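Here is a short tour for anyone who likes to look at side chains before heading to the bench. Have the viewer open and follow along.

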Amino acid sequence: MKTKLELTWYGKDKEIKIEPRILIENKELSYSETNELKENENDN
């Protein structure tokens, strides 16, 4: 008969509250195909 390993830690039974977040894209910091195309055009 196999024994089952159970992981335990302090606060395991407490429910974690997850806050909803809205992600807003910043075009200057984003890396995408359009940015890559612009960089390639500037190199030529």
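Which side chain meets Glu6 in a salt bridge? The partner is Lys12, with 3.7 Å between N and O. Please keep in mind throughout that this is a predicted model.

**The charged pairs**

Searching the whole structure turns up three salt bridges. Here they are side by side:

| Salt bridge | N to O distance |
|---|---|
| Glu6 and Lys12 | 3.7 Å |
| Arg21 and Glu19 | 2.9 Å |
| Lys27 and Glu25 | 3.6 Å |

How open to the surroundings are these residues? Glu6 counts as exposed because its relative accessibility is 59%, and the cut-off for exposed is over 50%. Its partner Lys12 has a relative accessibility of 34%, so Lys12 counts as partly exposed. In the pair of Arg21 and Glu19, both residues are exposed. Turning to the pair of Lys27 and Glu25, Lys27 has a relative accessible area of 61% and is therefore exposed. Glu25 is exposed too, with a value of 52%.

**Lys12 and its aromatic neighbour**

Lys12 deserves a second look. Besides meeting Glu6 in a salt bridge, Lys12 has its charged end over the ring of Trp9, at 5.3 Å from the ring centre. As for contacts between aromatic rings, the count of aromatic pairs is zero.

**A nonpolar patch**

Trp9 also belongs to a nonpolar patch on the surface, which it forms with Leu5 and Leu7. Together, these three residues have about 420 Å² of accessible area. Is Leu7 buried or exposed? Leu7 is exposed, because its relative accessible area is 59% and the cut-off for exposed is over 50%. Along the chain, Leu7 lies in the segment before helix H1, which covers 33-43.

**The chain as a whole**

Stepping back, what secondary structure does the chain have? There is one helix, and there are zero strands. The chain has 44 residues, of which 5% count as buried. Its accessible surface comes to about 5,700 Å². Carbon and sulfur atoms account for 54% of that surface.

To pull the threads together: around Trp9 you can find both the nonpolar patch with Leu5 and Leu7 and the charged end of Lys12 over the ring. Lys12 in turn leads to Glu6 through their salt bridge. The two other salt bridges to visit in the viewer are Arg21 with Glu19 and Lys27 with Glu25.

Terms used
Residues numbered from 1 in each chain as written. Predicted model: local features only at pLDDT ≥ 70, side-chain atom pairs only at ≥ 80, totals over all residues. Heavy atoms only, no water. Salt bridge = Lys/Arg side-chain N within 4 Å of Asp/Glu carboxyl O. Buried < 20%, exposed > 50% of the residue type's maximum accessible area, 1.4 Å probe, protein only. Helix = DSSP H or I, 4+ residues; strand = E, 2+ residues; numbered from the N terminus. Areas by Shrake-Rupley, 256 points an atom, 1.4 Å probe, with all protein chains shown as cover. Patch = residues over 30% accessible without salt bridge, like charges linked within 9 Å, V, L, I, M, F, W, Y side chains within 5 Å. Phe/Tyr/Trp six-rings, centres within 6.5 Å; stacked < 30°, edge-to-face > 60°. Lys NZ or Arg CZ within 6 Å of the ring centre and 35° of its normal.
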